[in-house]
Amino acid sequence: MIKEVKLTAEGLSCPDCSKKIEQALAAQKGVEEAKVIFTTGSIKVKFDDEVITLDNIKKIIKDFGYSV
């Protein structure tokens, strides 16, 4: 089932970091769309929850050093 979530990465203020997170999420099987806005720290992800879980998505963001 396709879901869309909006998350916030606390402390995200770097355009390059935002792009890296966006690319890492978009590369995941099951992720249809990922958009990161560094000025607000918001992350929008559209994904198939039968392929990837929200916890997996959060872990990817946390691996970059940000709280979700």
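Which residues of the largest nonpolar core touch the most other members? They are Ile21, Leu25, Ile43, Val45, Phe47, Ile57 and Ile61, out of 18 residues in that core. A nonpolar core here is a set of buried Ala, Val, Leu, Ile, Met, Phe, Trp, Tyr and Cys residues joined through side-chain atoms within 4.5 Å. Five elements each supply at least two residues of this core: β1 (2-8), α1 (15-26), β2 (31-37), β3 (42-48) and α2 (54-63).

The model is predicted: local features need pLDDT of at least 70, side-chain atom pairs count only at pLDDT 80 or more, and totals for chains, interfaces and linings use all residues. Residues are numbered from 1 along each chain as its sequence is written, and side-chain values use heavy atoms, leaving out hydrogens and water.

**The whole chain**

The chain has two helices and three strands. Helices (H or I, at least four residues) and strands (E, at least two) are DSSP runs, numbered from the N terminus. Along the sequence they follow the pattern β-α-β-β-α. The radius of gyration is 11 Å, close to the 11 Å that the globule rule gives for 68 residues, so the chain is as compact as a globular protein of that length. That radius is taken over C-alpha atoms, and the rule is 2.2 Å times the number of residues to the power 0.38. The C-alpha trace spans about 30 × 20 × 15 Å along its principal axes.

Buried residues make up 34% of the 68 residues. Buried means under 20% relative accessible area, exposed means over 50%, and partly exposed lies in between (1.4 Å probe, protein chains only). The accessible surface comes to about 4300 Å². Carbon and sulfur atoms account for 48% of that surface. Areas come from the Shrake-Rupley method with a 1.4 Å probe; for residues, only the protein chains shown count as cover.

Contact means heavy atoms within 4.5 Å. Take the contacts between residues at least 6 apart in sequence: 57% of them join residues at least 24 apart.

The chain holds 11 positive and 11 negative charges, and their mean positions are 3 Å apart. Lys and Arg count as positive, Asp and Glu as negative; His and the chain ends are not counted. Each charge is placed at NZ of Lys, CZ of Arg, CG of Asp or CD of Glu.

**Four residues**

| Residue | Place | Relative accessibility |
|---|---|---|
| Valine 45 | strand β3 | 0%, buried |
| Serine 18 | helix α1 | 3%, buried |
| Glycine 65 | segment after α2 | 62%, exposed |
| Methionine 1 | segment before β1 | 60%, exposed |

Start with valine 45. Neighbours within four places in sequence aside, valine 45 is in contact with Lys3, Glu4, Val5, Leu25, Val31, Glu33 and Ile57. Leucine 25 is 20 residues away along the chain, and its C-alpha atom lies 8.1 Å from that of valine 45.

Serine 18 comes next. Not counting residues up to four places away in sequence, serine 18 touches Leu12, Val36 and Phe38.

Now the exposed pair. Which residues does methionine 1 touch, not counting residues up to four places away in sequence? They are Phe47, Asp48, Asp49 and Glu50. Methionine 1 and aspartate 48 are 47 residues apart along the chain, yet their C-alpha atoms are separated by 5.3 Å. Glycine 65 and glutamate 50 are 15 residues apart in sequence, while their C-alpha atoms are 26 Å apart in space.
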